[in-house]
Amino acid sequence: WLRDAKALYMVIDGQNFSRWAGTLPQTPILWEPNQPYMVSNNASEFQRLVGRAKIVSPNLAEARQIYGNLAAESLVTALLRDGAEIAVVRMGHYGSLVGAKSMKSIARIPAVQVEVTDITGAGNAYNGGFLAGWMKTGDPVQAARYGTVSASFCVESIGIFDPHQPDAEAKRDERLAWLEKQT
């Protein structure tokens with residue numbers, strides 16, 4: 001059933017990512033390396049595998065475990081240098097950075113300012129929204145905006161967000177429009 005997927009989002013270590021990427025070489029994968037994997041001992045393996053992902057999206061702390069205490073923009077550059085087609089560094093309330101081999105510069109996407117209740121799952125929501133946005137538009141910057149909007153809803157509540165709430169679509173569209181004016 002995965003062979004029919006248009007794209008996949010995977011939160012896994014390098015060995016399992018390598019296996020899946022080899023099994024599904026034509027399927028675009030957004031790889032979020034899982035946190036236990038992102039340690040300096042795995043740096044060379046991670047750097048070797050980055051190019052097998054269509055999109056790679058570590059958070060700032062994880063990327064620094066691999067590349068050292070670099071500025072966030074330098075981390076995106078390093079991910080692209082190591083072969084990522086699209087590189088995203090998620091930075092929580094500082095927003096995110098996205099770069100792509102097809103882009104002239106790195107884009108900074110601010111976080112949507114909301115009342116934060118719980119950050120659990122925000123990275124997952126961001127990456128799911130990013131992948132959906134990228135599949136819809138093919139634009140890494142617009143995809144990052146989608147991811148940001150998705151994460152903004154996640155952090156406002158405990159548990160799974162109900163998209164059928166009154167005004168959910170209007171709030172989504174308002175947040176996306178705000179981000180489009182910012183970036």
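Before you start clicking, one bit of vocabulary: a helix axis here is a line fitted to C-alpha atoms over the stretch in contact, and the angle between two axes runs from 0 to 180 degrees between N-to-C directions. Keep in mind too that you're looking at a predicted model.

**Stop 1: two helices, α6 and α7**

Select residues 140–155 for α6, then add 168–182 for α7. These two pack at an angle of about 135 degrees, and their axes are 10 Å apart. Angles over 145 degrees count as roughly antiparallel and 65 to 115 as roughly perpendicular, with the in-between ones called oblique, and α6 and α7 are therefore oblique to each other. Want to see who touches whom? Show side chains: on α6 the contact residues include Q142, R145 and Y146, while α7 contributes, among others, R172, R175 and L179. The crossing of this pair is right-handed.

**Stop 2: along to α5**

Now select 122–137, which is helix α5. Its 16 residues reach 22 Å from first C-alpha to last, close to the 22 Å expected at 1.5 Å a residue. With α6 still on display, look at how the two meet: the angle is about 145 degrees and the axes are 7 Å apart. Among the residues making that contact are A125, G129, G133 and W134 of α5, along with A143, G147 and A151 of α6. This crossing, too, is right-handed.

Which residues of α5 are buried? Colour A122, A125, Y126, N127, G129, F130, L131, G133 and W134, and you have them. What covers them includes α6 and the strands β1, β2, β3, β4 and β5. Before leaving, click on G138, just after the helix, where phi is positive at about 70 degrees.

**Stop 3: the sheet**

Hide the helices and show the strands. Six of them form an open sheet, in the order β1-β2-β3-β4-β5-β6, with mixed pairing. At the edges you'll find β1 (8–12) and β6 (107–109), each pairing on one side only. Strands of a sheet pair through backbone hydrogen bonds, either parallel or antiparallel.

Start at the β1 edge. This strand has a covered face made of L8, M10 and I12, and an uncovered one made of Y9 and V11. Five bridges join β1 to β2, and the two run parallel. To find your way across, look for L8 opposite I29 and V11 opposite E32.

**Stop 4: inside β2**

Select 29–33 for β2. Is this strand buried or exposed? Five of its five residues are buried, so β2 is largely enclosed by the rest of the structure. Turn the view and you'll see I29, W31 and P33 pointing one way, with L30 and E32 pointing the other. Next along is β3 (residues 55–56), which runs parallel to β2 and is joined to it by two bridges. Click on W31 and then on V56, its bridge partner in β3.

**Stop 5: a glycine in β5**

For the last stop, pick G99 in strand β5, residues 96–100. Its relative accessibility is 1%, so G99 counts as buried; the cut-off for that is under 20%. Which residues does G99 contact, leaving aside its neighbours within four places in sequence? Select V76, L80, E85, I86 and A87 to light them up. To finish, draw a distance from the C-alpha atom of G99 to that of L2: the two residues are 97 apart along the chain, and the gap is 27 Å.

Note on methods:
Residues are numbered from 1 along each chain as its sequence is written. This is a predicted model: local features need pLDDT of at least 70, side-chain atom pairs count only at pLDDT 80 or more; totals for chains, interfaces and linings use all residues. Side-chain values use heavy atoms; hydrogens and water are left out. Helices (H or I, at least four residues) and strands (E, at least two) are DSSP runs, numbered from the N terminus. Buried means under 20% relative accessible area, exposed over 50%, partly exposed in between (1.4 Å probe, protein chains only). Contact means heavy atoms within 4.5 Å. Two strands pair if DSSP finds at least two bridges between them. The expected span of a helix is 1.5 Å times one less than its number of residues. Angles under 35 degrees count as roughly parallel, over 145 as roughly antiparallel, 65 to 115 as roughly perpendicular and the rest as oblique. A crossing is left-handed if the near helix is turned anticlockwise from the far one by less than a right angle, and right-handed if clockwise.
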